[in-house]
Structure formats: C-alpha cells, structure tokens
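The following report goes through a few local features of one protein chain, beginning with its interior and moving on to helix packing, ring contacts and backbone geometry.

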Amino acid sequence: MTLVGRLLDQAAATPEAVALVAGDGTELSYGELQRQVLSVRRALVDAGLSPGDRVLFSVRPSPEAVVLALGVVAAGGAVVFADPGAGPEMFTARLRLARPRWSAAEAVLYAGSRLRPVRAYARRHGLLLPELGSLEVPGQGKLRHIYVGRWLPGVPRGALPFTKLVSGRAEAAESGSGDPDAEAAVIFTSGTTEHPRAVVHTQSSLAAALDLFRERLPLGPGDVVHTDQLMLGLPTLISGARWSMPPLSCSPADFARLLEERGATHTFCVPVHLAEILEVRPTLPAALRYVLLGAAPAPPAILRRALSAAPSAKVLSVYAMTEILPVAIASAQEKLAHTESWAGGDLLGTPLVKARIAPDDGELYLSGPNLCRGYLGDAPMTELPTGDLARFDADGRLILTGRKKDMLIRGKFNLYPGLYEPAIAAVDGVTEAAIVGVPDPETGDEEVVLAIVGDADPERLRRRLPDLIDHDALPDRIVVLTELPRSGRSRKLDRDRLRDLVRGTS
C-alpha cells in the first residue's frame, strides 16, 4: 500500500471525522479531504501532468498545501520542496538539477516575484525572490503553473487556480494509488550553487517512515496533533486522528493558546521554540500526552522544563535525518539519566532502523525501508553515511558523540564537541553550551572556545569542568552569550556564525 493509498483508505473509513484544522480554525473532514485529493489528482491528469513530472512546490503549510501535495503524488508526480527565499543563484542551481515541469506557489509569491514595487520592497527586507512566473528549464521550456489563494497581478497567464482543481469531479483512484517506488518528494538540504543536493523519497520510503512513527507514537481517533510538520501530520491523518495546524507566523503565546483551545494531545516543537513557548506558558495543558522534540539537540535544561511544564505527558526526543526518518526516539528521563551519569555524548535511544558504527572512525551508518532512494542525480543509496559519530551503550542504545565536520584539532587530540556539550549544559546555571574552535593561522591548532547561555559564573564553571570532561577538551576561553546563533526553520546551532561571534572576544 502506498502513502496516498493508506490515507485514502482511512478517509473512506471515517468520512465524517475532522481530519484537518487550519490556522484560522476552519475544519476539513476526512470525507472532504479524500474528495479534494482525488479531484486535484483528476484535474492534474486532465491538464497534462504525467507520471514522473516534478512540481516545484512553494506553498506554506496549510490544508491547501496538504491537499495539493497529496494530489500531485496521487497523480504520479513528485513534489519538489525548494525554498524560493534561498536566493536567485541557489534557486536557479536547484531548478537546474530538479528539472521540474510544473510550479505550484501562492498567488502572493507570484505577485511578489514579478511586480517591481513588491520586488523592491522584498529586496529592502533582505528577500531576493526569483521570477517564478518566468521560470524555464533548459531543453524543457517554460513551466506550467498552479496558484493557491486569490488571483493577484503577477500570476502567470494560464496558471491553474487551486480552487478549480478541487472543485472538479473526484474520480476514485485505482487500488494502491500509484507506484510505491515512484518519486514522491524531492527535498533540498545542503550543497552549494555549484553542487546543490536533494534527497529523493519514494511513496514506499515515506510510508515506511510513517509506519515507524505510528509504532513508537500511539495515535488514533480522538487524538489531536498540533504541528506544522508534514512528517508528523501525515501519520496523524493515516491514523484517523486530527491534525491541528498553527497559523503562519504563529507567536509562542498563540501556539500555547491553541494547544489549550483545540485540546491537543500531541505536539512537536524544535527545542528553541518550546523554550519560547514555556516563557509565556510555564504550564502546558493537562490534555497533552506527548511532547516531541526534534530537528536539533535538546539541551538538558529544556528537557527539565518540559517535564515540569507537562508532568503527565511523555516528553520524547526524536533523532532523524532528511534521508531517513525517524532513526531513534528517547524519553527525556532517559536522556537526562544518561547525561547525569557523565558517560559522555547525547543519548539517542534504541535504533528503529539498521545501524552500524564504522570501526575506523566511529561514523554512524544507517539503512532500512525508510531510507531515501538517494540524492537527485546520483546512484541509488543502500546505506547512509550520516557524518555523525556514535557508539552503542551496553543496552544497544545509540550515543551521539559528535559530527565529523565539527572535529577540533588540538595537538594530537581530536576534540568532538558533541561528546562534551550535553554534560556542560547539565551544570546548574547553564542553559545551553557549545564548543567551537578558532584556528591559529600559524600552527593549525585551534583555540577551544566554550560559549554558554545562562547565569553560571564562568570562573566557577572553569574550576568544575576538569571533573566533567577530558583534560584535553578543556576550553581555552569561556564566553557568556545571551543566546546561541541559529539558522533555518529547525533553528539549529550555526557553528560558523558562533565561531565568528567568539573570535577575538574575551
């Protein structure tokens, strides 16, 4: 059974139940969700979308985005997630690699990328948008266009309105709803303008990922999952639960309010986002049974605050990668117990997929049915070299010890920050901790700088560190910051910016 097939089967079984709640509170039933997805599928096929066609997707999280994406996949196409705000050069490089035949975007984005006054306004605010309406792929010609929202000047001539796609006949899809091995999603991650990199997932790899989430995270009718994350929203729908979407640009206060108003039983947050929520709402609603943290390491201070804010809920930390998700899930209690044991590293949990550690350098390799097909343009992948360094503990659980690229060189000692940061962040008065190296241009060695957030006294911390971490890992300097620099939607630590920030400070 494919990803789309599972969702349509669930919709057919519970047509009257609420499937989606939009940011403004508008509800969409499972029956209507099924009708809209099949209507979009039929309309796109009639309009000429062929199996294997890629659709450049620039629609922010919303019920319309979910319906359109599922309709594309049901029609045999693949959704290409490429951020138009990445900059014209990067966007062009990604377009050249993905070679989409269609573009789906919000009407306001088409207007903002074509109308000169709007483009000038966006440029003044640091947003350089490509001209979506004029996109061409060499050897392929101009793209076909779909727009979401009310028509605005700048929407390309002949573009298909989403409202028309969902209002047509909803012809039933054939059993299984497509080829399980066909491309379903193309997700750009890292890379440069010369060599962009995109992960390719099939319907079967995504379906396997959703199965793993459902096995570890009980979900069913009556549950309400409050998140804008697709990979938690989809298992919600397949389970017959209700997906509650926060509005765009939702403030921490509004996020907390909606948790209460919508009776959320599950939610997902990036650790930094949860910290912001707890600043305005120290106690989370009693109905909340699961709090999931992911996309970035969860510092001990955040885990403790989450447990205090939701004492009856299970607080879980999810380790996943775009290429293979989920990989491991650990409870907050497990992670804190490991950190407080001073065993080193960050506990990830028992692996949900096949995992091995390279004997030469300790790199973690992963494989399983939820592994992506590979990187766009490359040969298929059978095993993922993660770039993470890890080990197994006596119970077979994964312990993250660092990133290969983050390694610091200090004489003959190779220092991996991830091995020591959790223990430092567990010290009273330290909210977050990060270690970076500032290279010495003459010796090649690196000055080791520890940056902390919190009210801990640096000198008192320095005296305590020899009892917590290896002698060769002791920092040359300790810098206190109001916050650590972060980037992207996941708010991951930006070590390059941190390195620049601490360079030359005292």
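Helix H14 gives the most to the lining of the largest cavity, contributing three residues, and this description, like everything that follows, rests on a predicted model. Helix H13 (332–340) and helix H14 (417–425) each supply at least two residues of that lining. The full set of lining residues consists of His-338, Thr-339, Trp-342, Ala-343, Gly-344, Gly-345, Leu-419, Pro-422 and Ala-423. By character, the lining divides into five nonpolar and four polar residues, with no charged residue. The volume of the largest cavity is about 30 Å³, and a search of the whole structure finds one cavity of 30 Å³ or more.

Two packed helices are described by the angle between their axes and by the distance between the axes. Helix H1 (residues 3–13) and helix H8 (residues 203–216) pack at an angle of about 55 degrees, with their axes 8 Å apart. H1 and H8 are therefore oblique to each other, since an angle counts as oblique when it falls outside the ranges under 35, over 145 and 65 to 115 degrees. On the H1 side the contact is made by Leu-3, Val-4 and Arg-6, while H8 brings Gln-203, Leu-206, Ala-207, Leu-210 and Asp-211. The residues of this contact of H1 with H8 divide into five nonpolar, one polar and two charged.

The count of aromatic pairs comes to one. Its members are Phe-57 and Phe-81, whose ring centres are 5.8 Å apart and whose planes stand at 70 degrees, so the pair is edge-to-face. Phe-57 belongs to strand E3 (residues 54–58) and Phe-81 to strand E4 (residues 78–81), and the pair, 24 residues apart, links distant parts of the chain.

Most residues other than glycine have a negative phi, and most peptide bonds are trans. Against that background, two places in the backbone deserve a look, and their torsion angles are set out below.

| Site | Backbone angle |
|---|---|
| Leu-325 and Pro-326, cis peptide bond | omega about -10 degrees |
| Arg-99, not a glycine | positive phi, about 50 degrees |

Pro-326, which is joined to Leu-325 by the cis peptide bond, lies in strand E17 (residues 324–331). Arg-99, by contrast, is found in a loop, namely the one between helix H4 (88–98) and strand E5 (102–106).

Methods. Residues are numbered from 1 along each chain as its sequence is written. This is a predicted model: local features need pLDDT of at least 70, side-chain atom pairs count only at pLDDT 80 or more; totals for chains, interfaces and linings use all residues. Side-chain values use heavy atoms; hydrogens and water are left out. On a 1 Å grid over the protein atoms alone, a cavity is a set of points where a 1.4 Å probe fits but cannot get out, and a pocket is an open set with protein on both sides within 12 Å along at least five of seven lines; lining residues have an atom within 4 Å of a point. Grid points are joined across faces, edges and corners, and a volume is the space filled by probe spheres set on the points. Helices (H or I, at least four residues) and strands (E, at least two) are DSSP runs, numbered from the N terminus. Ala, Val, Leu, Ile, Met, Phe, Trp, Tyr, Cys and Pro count as nonpolar, Asp, Glu, Lys and Arg as charged, and the others, Gly among them, as polar. Axes are lines fitted to C-alpha atoms, for helices over the stretch in contact, and angles run from 0 to 180 degrees between N-to-C directions. Contact means heavy atoms within 4.5 Å. Rings of Phe, Tyr and Trp (its six-membered ring) pair if their centres lie within 6.5 Å; planes under 30 degrees apart count as stacked, over 60 as edge-to-face and the rest as tilted.
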